Amino acid sequence: MKKIGVLTSGGDSPGMNACIRAVVRRAIYQGLKVIGIRRGFSGLIEGDTEELCSRSVSGIIRQGGTMLKTARSEVFKSIEGQKKAVKTIKDLCIEGLIVIGGDGSLRGAYTLDRDWDIPVIGVPASIDNDIAGTDFSIGFATAVNTALEAIDRIRDTATSHERLFIIEVMGRSSGFIALWSGLAGGAEDILIPERKTNLDEVCRKLEEGRLHGKRSSILVVAEGDEAGGAFEIGEKIKKKIGYEIRVVVLGHLQRGGSPVALDRILATRLGSAAVDLLIKGERGKMVGLVSNQIKLSPMEYAWKRKKMVDLAFYDLSQVMAS
C-alpha cells in the first residue's frame, strides 16, 4: 500500500482535526502518501482533493470542526454518485480509505467497501456517542464539557432569581450528553429517551424540593425525549404546578470549540490505529475504544446495534438530587 485517502462526513465534532492529523502523520511515518478529500462524499464525487503532508496538519490538534470540511451527500446514495466517487479513488490511485464520522458516514464507508471493493476503515466521530462498538466516539467528551459549562453558568442565574431552568442538550435519540452533563452538573432531574418520562413524578419531586426550601432547580432534557422538546415540557410543567420557568436550548453550541484532552487523545489513538489496520489488510470495519483498548468491530454495528446508556448513572443522579 502506497497511498490512502481520508475524509470527514456528516455532523462535525470536536476532535475530527486531531484524528485527521493522526492519520496523516502515522501514514507518512509508515511511508504512505495521504490524499485529503474535502466535504466528505460530496468531495469524493466531485474530485475535490489535496495531498496532505505533516505541515498541512500542523497546529490543528487544538481546533474544533474539520479542516477537510464536511457535508451530507444525497447524490452519493445513488449508484451514479457512487460510480463517480469510485472513479475519483481509482484516478488518484488511492488504495485504502479512512472515513471519520457518525453512523450515516459509516454506512457510506460500508457501501464503498462491500459494493465497490474499496478497502475502508471507519472511525467513530459523533458528539451523540450513539455508535456501538466503542465506549466513546470522538467529540462526546467535549460536548459534555460544553453542556456542563452552560449548566454551571445557568445555575448561578437560577439561584439568583429562584427559578426553574430547563436546559435542552443535543443527542438525537440518545441520552448520553444529557445524562453525563446532568449528573456532573447536579441537575435536579434528567429526561432521556431511554427512560420513560413521567411529568407528574417530575413535578412531584420539584414540589417536594420546594417544601424543603429549594427555590431553584435545573432540569436537563435530551432533545429526543418522548415528552417533547424543552419548550413543550416547560409548558406542561407550568400548567401543572405554575412555576416560573426559563428554557435554554444549547443546540449547535455543543458541536464547536477546542476539543478537550480526552477527545484529542482518543482521536489520535483511533486515527493512528486506522492507518495501521489498513496496512495490515483489515477492511470493512470500524476502529473503536473498548475498556481502554483499541478494538475492531463490524461497521454495521453503527446502525444495526442500539447503544444503550448506563441507567445506573440515572439512578445515581436521583440519589444526588435528593
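Helices (H or I, at least four residues) and strands (E, at least two) are DSSP runs, numbered from the N terminus. The structure described with these names is a predicted model, in which local features need pLDDT of at least 70 and side-chain atom pairs count only at pLDDT 80 or more, while totals for chains, interfaces and linings use all residues. Residues are numbered from 1 along each chain as its sequence is written, and side-chain values use heavy atoms, with hydrogens and water left out.

A good place to start is the sheet, an open arrangement of seven strands in the order E3-E2-E1-E4-E5-E10-E11, with mixed pairing; two strands are said to pair if DSSP finds at least two bridges between them. Strand E3 (49–52) and E11 form the edges, since each of them pairs on one side only, and from one strand to the next the twist averages 30°. Within this sheet, E4 and E5 run in the parallel sense and are joined over five bridges, and Ile100 has Val123 in E5 as its bridge partner.

Ile100 and Val123 also appear in the largest nonpolar core, a set of 31 residues in which Ile4, Val6, Ile98, Ile100, Val123, Ile138 and Val287 touch the most other members. A nonpolar core here is a set of buried Ala, Val, Leu, Ile, Met, Phe, Trp, Tyr and Cys residues joined through side-chain atoms within 4.5 Å, where buried means under 20% relative accessible area, exposed means over 50%, and partly exposed lies in between (1.4 Å probe, protein chains only). At least two residues of this core come from each of strand E1 (3–8), helix H1 (16–29), strand E4 (96–101), strand E5 (120–124), helix H9 (261–279) and strand E10 (285–290), and H9 gives the largest share, eight residues. A second core, separate from this one, has 26 residues, among them Ala147, Ala158, Val169 and Leu179.

Leu179 leads to helix H6 (residues 176–184), whose buried residues are Phe176, Ile177, Ala178, Leu179, Ser181 and Gly182. The elements that cover these buried residues include helix H5 (140–161), strand E6 (164–169), strand E7 (189–191), strand E8 (217–222) and helix H11 (311–321), and just after H6 Gly186 takes a positive phi of about 65°.

Elsewhere, the axes of H3 and helix H4 (residues 103–116) come within 11 Å and cross at roughly 80°, the axes being lines fitted to C-alpha atoms, for helices over the stretch in contact, with angles that run from 0 to 180 degrees between N-to-C directions. H3 is therefore roughly perpendicular to H4. Ile79, Gln82, Lys83, Val86 and Ile89 in H3 meet Thr111, Leu112 and Trp116 in H4, where contact means heavy atoms within 4.5 Å.

The loop between helix H3 (79–91) and E4 holds Cys93, a residue other than glycine whose phi is nevertheless positive, near 60°. Cys93 counts as exposed because its relative accessibility is 52%. Ser291, in the loop between E10 and strand E11 (293–298), likewise has a positive phi, near 50°, and counts as exposed at 59% relative accessibility.

Finally, the structure holds zero disulfides, a disulfide being a pair of cysteine sulfur atoms within 2.5 Å. For Cys53 the nearest cysteine sulfur, that of Cys19, is 18 Å away, and Cys53 is partly exposed, with a relative accessible area of 37%. The sulfur of Cys93 is too far for a bond, because the closest cysteine sulfur, in Cys53, is 20 Å from it.

Technical notes: Angles under 35 degrees count as roughly parallel, over 145 as roughly antiparallel, 65 to 115 as roughly perpendicular and the rest as oblique.
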